[in-house]
Amino acid sequence: MGDELKSVDQEQEKPERPCQLTRRYFLRAAGMSGAAAAMVSVPGYGPMMANTTSLPEKRIAKLSALEVDKPVNFTYPDKGSLCMLVKLGVPAGGGIGAEGDVVAFVATCPHMGTPLLRAYNAKHKGMGPCRTHLTRFDLTRYGIVISGHATESLPQIMLELREGEIYANGIRGLIYGRSANVV
Ligand code: FES
């Protein structure tokens, strides 16, 4: 019965063998891939890359004072932006220190701005669940969303280590509610 429902047009288009393309099949496929290529060249449809903003440097903590899974709260780049520095105990994207395991993130959910200061999850090396819509972020992988409503990664603080001191000097991503990371 399924065969009876196929249109004459579908039957005519169907190649006899998978490796044989009709002219019509070829042109249709070429048109679709061309459209996809055109979309990539349109602003907003290309690969989603988080912007990194270079910002004035701020000293955050002494590396030797950090303990695994014991977050240190701070504000950056201004007093209105709460952040969290943590030594994860496992290597992480953007991590500094001998083990590459020290990372820092803005502690505000990028979905709707819920504070995440007490949301560090030591077991999963993540942030969350956010208490508003339960989003979880993976701090070992640049703060990407693991589950939940948020569609953007947690903004990550760029860190630099000099003579045992940790400095913040930029942010990858945008702090929730801002059109620029500096107000
Ligand atoms: S505000 Fe955090 S998931 Fe919605």
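In this predicted model, a good place to start is the stretch covering residues 1-13, where pLDDT stays under 50. For that stretch the model has 4 contacts beyond four places in sequence. Residues 32-48 also keep a pLDDT under 50, and here the model has 3 contacts beyond four places in sequence. A word of caution helps at this point: where pLDDT is low, the predicted coordinates should not be read in detail. For the chain as a whole, pLDDT averages 84, and 73% of the residues score at least 70.

With that in mind, the overall layout can be followed from one end to the other. The chain contains 3 helices and 10 strands, and along the sequence they appear in the pattern α-α-α-β-β-β-β-β-β-β-β-β-β. Of its 183 residues, 26% count as buried. Among contacts with a separation of 6 or more, 43% are made by residues 24 or more positions apart.

The interior comes next. The largest nonpolar core has 30 residues, and A104, F105 and I157 are those with the most contacts inside it. Two or more residues of this core are given by each of strand 3 (82-87), strand 4 (102-106), strand 9 (156-162) and strand 10 (165-172). Strand 4 supplies the largest share, 5 residues. The surroundings of F105 are worth tracing on the structure. Leaving aside residues up to four places away in sequence, F105 touches C83, M84, M127, L139, G143, L154, P155, Q156 and I157.

Strand pairing offers another view of the fold. Strand 2 (residues 72-75) and strand 3 run antiparallel and are joined by 4 bridges. One of the residues to look for is T75, whose bridge partner in strand 3 is L82. The link between strand 2 and strand 3 is a hairpin of 6 residues. P77 sits in this loop between strand 2 and strand 3, and a cis peptide bond, with omega of about 0°, joins Y76 to P77.

Further along, an open sheet is formed by 4 strands in the order 5-6-7-8, with antiparallel pairing. Strand 5 (120-121) and strand 8 (144-147) each have a single partner strand and stand at the edges, so one side of each has no neighbour in the sheet. Inside this order, strand 6 (residues 126-127) pairs with strand 7 (residues 136-138) in the antiparallel sense over 2 bridges. Here G126 stands opposite D138 of strand 7. The loop between strand 6 and strand 7 holds P129, which is joined to G128 by a cis peptide bond with omega of about 15°.

Two residues with positive phi complete the picture. D69, found in the loop between strand 1 (52-62) and strand 2, has a positive phi of about 65° although it is not a glycine. D69 has 14 other C-beta atoms within 10 Å, so it is classed as partly exposed. E163, in the loop between strand 9 and strand 10, is likewise not a glycine, yet has a positive phi of about 50°. Because E163 has 6 C-beta neighbours inside 10 Å, it counts as exposed; the cut-off for an exposed residue is 12 or fewer.

Key:
Residues are numbered from 1 along each chain as its sequence is written. This is a predicted model: local features need pLDDT of at least 70, side-chain atom pairs count only at pLDDT 80 or more; totals for chains, interfaces and linings use all residues. A nonpolar core is a set of buried Ala, Val, Leu, Ile, Met, Phe, Trp, Tyr and Cys residues joined through C-beta atoms within 7 Å. A residue is buried if 20 or more other C-beta atoms lie within 10 Å of its own, exposed if 12 or fewer, and partly exposed in between; C-beta atoms are placed from the backbone. Two residues are in contact if their C-beta atoms, placed from the backbone, lie within 7 Å. pLDDT is the predictor's confidence in each residue, from 0 to 100. Two strands pair if DSSP finds at least two bridges between them.
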